[in-house]
Every structure is written in structure tokens, then in C-alpha cells.
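Trainee: Could you take me through one part of this structure closely? I would like to look at the charged side chains and what surrounds them.

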Amino acid sequence: MTIQELLTTTAHRPWKIPNNNWKFYQEWNNALFLHYQVDLNELEKFVPKELEIDLFDGKPWISVVAFTMEKIRPKNLPYFPPISNFDEINIRTYVKSNNKTGVYFLSIEGGKMLSCKIARGISELPYRFSKIKRANQKYQSENSYFNDKLDIQFTIGNKITKKTKLINWLTERYALFQDTDKSINEFEIHHLEWPINEINLSKLELNYPRFKKLISEQPSKIHYSKGVKVLAWEKIKNDR
């Protein structure tokens with residue numbers, strides 16, 4: 001699919017794409033989703049007061065998403081694989097702001113130190129470096145500073161042809177909100193609907209001490225996606 005075709009495929013979106021030009025292209029490929037229903041009072045400790053926590057049937061969720069970032073590049077420039085391609089793990093929750101539903105990152109890890117530095121400098125997102133190894137049906141990460149660890153072995157199951165309301169709620173998000181000391185930054189994104197497969201876990205070791213009251217080893221829901229092509233717009237700063 002060309003970028004122009006991507007821009008004109010919008011019927012699945014909850015609101016129109018921005019009128020101004022997109023800023024970055026990227027691909028989020030071979031994604032593993034571990035979803036956890038969590039306690040609202042505990043989650044509120046990690047989300048800035050300017051953002052409203054979004055709820056599904058009255059309950060908040062967070063997700064651990066492990067994937068491979070590929071071909072990230074600015075508009076009108078080619079991608080550079082040593083920087084543009086890297087493995088990433090983010091821990092996100094679901095929020096509302098400015099009449100839009102989106103995600104908020106509790107944590108973002110990247111498998112290349114330079115890529116993390118550049119991404120953090122450009123986007124102000126809280127990227128940090130972790131040692132990440134990815135092989136066929138295996139995904140491993142370790143960060144000795146935070147004592148974080150993730151070790152997954154899996155097999156991909158059947159394609160889900162009829163997605164539930166919950167799956168759509170967890171995946172079809174077209175905005176990102178993130179806090180800095182001075183602002184709440186808003187990012188608009190666009191992609192096609194995530195193609196979703198069932199997944200079977202043969203191994204799951206997960207330890208994030210900072211989030212131990214939110215994340216257990218056994219997720220409430222799991223699935224896999226081969227990925228999406230993504231367009232992102234320039235961040236909008238909303239002063240705090």
C-alpha cells in the first residue's frame with residue numbers, strides 16, 4: 001500500500017486525519033500484545049492529572065507491547081537501517097484528552113542506544129535503552145538499572161476475523177499523549193486497522209518492579225499482529 005492509499009483509507013478512524021502534512025513514517029511489525037486489567041487507584045499514581053484514564057466497561061487496562069520498529073524516517077527522507085530499525089517494548093495505558101482517546105506510555109524501551117537517544121530528543125518520549133534480543137518466536141529484554149526483564153516464547157495462532165469490542169478498544173488508538181515537565185504533548189497518528197492473530201505462550205517471564213502492582217506474569221488477554229504502517233504528525237504542546 002502506498003502512502004497516498006494509506007492517507008485515503010480512513011473509514012475505520014474515530015475522527016478525521018489532520019489537515020496538515022504528516023511528519024514521520026514508521027512500521028510497527030511483529031507485535032506481541034499482553035493486556036492487563038488493573039486497579040484504577042494504583043494506575044492513577046502513574047498518569048498525569050491532566051489526562052483522564054479511559055475505561056472499558058468501567059475498568060482500566062494497561063498493555064505490554066513488544067514489537068520491531070522499522071523504516072522510521074522523516075517525510076521526504078530515506079530511512080537509515082542502523083538507526084531506523086530497532087526492537088521496542090512499551091508499557092501503555094489508555095487515556096482521553098481534547099475529546100480524543102489515545103495512549104499514554106508508562107515506559108518505552110529500545111534495543112539500540114543511539115536510536116533511543118535520537119527518538120527521545122526529537123519526540124520527548126521517555127525512551128531508554130535495554131538489551132533486547134529477538135529471534136524466531138522469542139523475545140527477550142533486560143535492563144539492569146531498573147531490574148526489568150521480559151522473556152517470551154510463543155507460537156502464532158489463527159487470524160481473528162471478527163474482533164471483539166475489547167480488542168478494538170485496546171488497539172485502535174490514533175493519538176498519543178505524553179507529559180514533560182512543562183507540557184502535555186499530543187501526537188496524531190494514522191494506520192490501517194491492526195490485523196490480529198491468536199497467540200500461544202510457551203514461556204512468559206515478566207518483571208518490572210516499578211509496576212509490580214499493575215503487571216503480573218499472567219495477562220488478561222494476549223494476541224499477535226504482523227504489524228501496521230504508520231504516519232505520525234508533529235507534536236502539539238499543551239502547557240501545563
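**Salt bridges and their surroundings**

Mentor: Happily! Counting by a cut-off of 4 Å between a side-chain nitrogen of Lys or Arg and a carboxyl oxygen of Asp or Glu, there are 20 salt bridges in this predicted model. In general, side chains of opposite charge can pair when their charged atoms come close.

Start with Lys23 and Glu234, whose side chains meet in a salt bridge at 3.6 Å, N to O. This pair links distant parts of the chain: Lys23 sits in the loop between helix H1 (3-8) and E1, and Glu234 in the loop between strand E13 (221-232) and strand E14 (236-239), 211 residues apart. Lys23 counts as partly exposed, at 35% relative accessibility, and Glu234 is partly exposed too, at 40%.

Next, look at Lys149 and Glu205, which form a salt bridge with their closest N and O atoms 3.4 Å apart. Lys149 belongs to strand E9 and Glu205 to strand E12, so this pair ties together parts that are 56 residues apart in sequence. Lys149 is partly exposed at 38% relative accessibility, as is Glu205 at 30%.

Lys149 also leads us inward. Leaving aside neighbours within four places in sequence, Leu206 is in contact with Lys149, and its other contacts include Leu34, Tyr36, Val64, Leu150 and Ile215. In the largest nonpolar core, which has 34 residues, Tyr36, Val64, Leu150, Leu206 and Ile215 touch the most other members. Strands E9 (148-159) and E12 (197-207) are among the elements that give two or more residues to this core. A second, separate core of 30 residues includes Ile108, Tyr127, Trp194 and Val230.

For a further pair, turn to Lys163 and Glu172, joined by a salt bridge with the closest N and O atoms 3.9 Å apart. Here Glu172 is buried, because its relative accessible area is 13% and buried means under 20%. Some charged residues go beyond simple pairs: Arg13, Lys100, Glu186 and Glu188 are linked in a network of salt bridges.

Finally, one buried Arg deserves your attention. Arg128 lies in strand E6 (residues 127-129) and has a relative accessible area of 12%, so it is buried. Its side chain makes a polar contact of 3.0 Å with the side chain of Ser107. Beyond its neighbours within four places in sequence, the contacts of Arg128 include Glu109, Cys116, Arg120, Phe146, Asp148 and Tyr208. Of these, Cys116 is one of the buried residues of helix H4 (residues 113-123).

Technical notes
Residues numbered from 1 in each chain as written. Predicted model: local features only at pLDDT ≥ 70, side-chain atom pairs only at ≥ 80, totals over all residues. Heavy atoms only, no water. Core = buried A, V, L, I, M, F, W, Y, C linked by side-chain atoms within 4.5 Å. Buried < 20%, exposed > 50% of the residue type's maximum accessible area, 1.4 Å probe, protein only. Helix = DSSP H or I, 4+ residues; strand = E, 2+ residues; numbered from the N terminus. Contact = heavy atoms within 4.5 Å. Polar contact = N/O pair within 3.5 Å; in protein donor to acceptor, adjacent residues only side chain to side chain.
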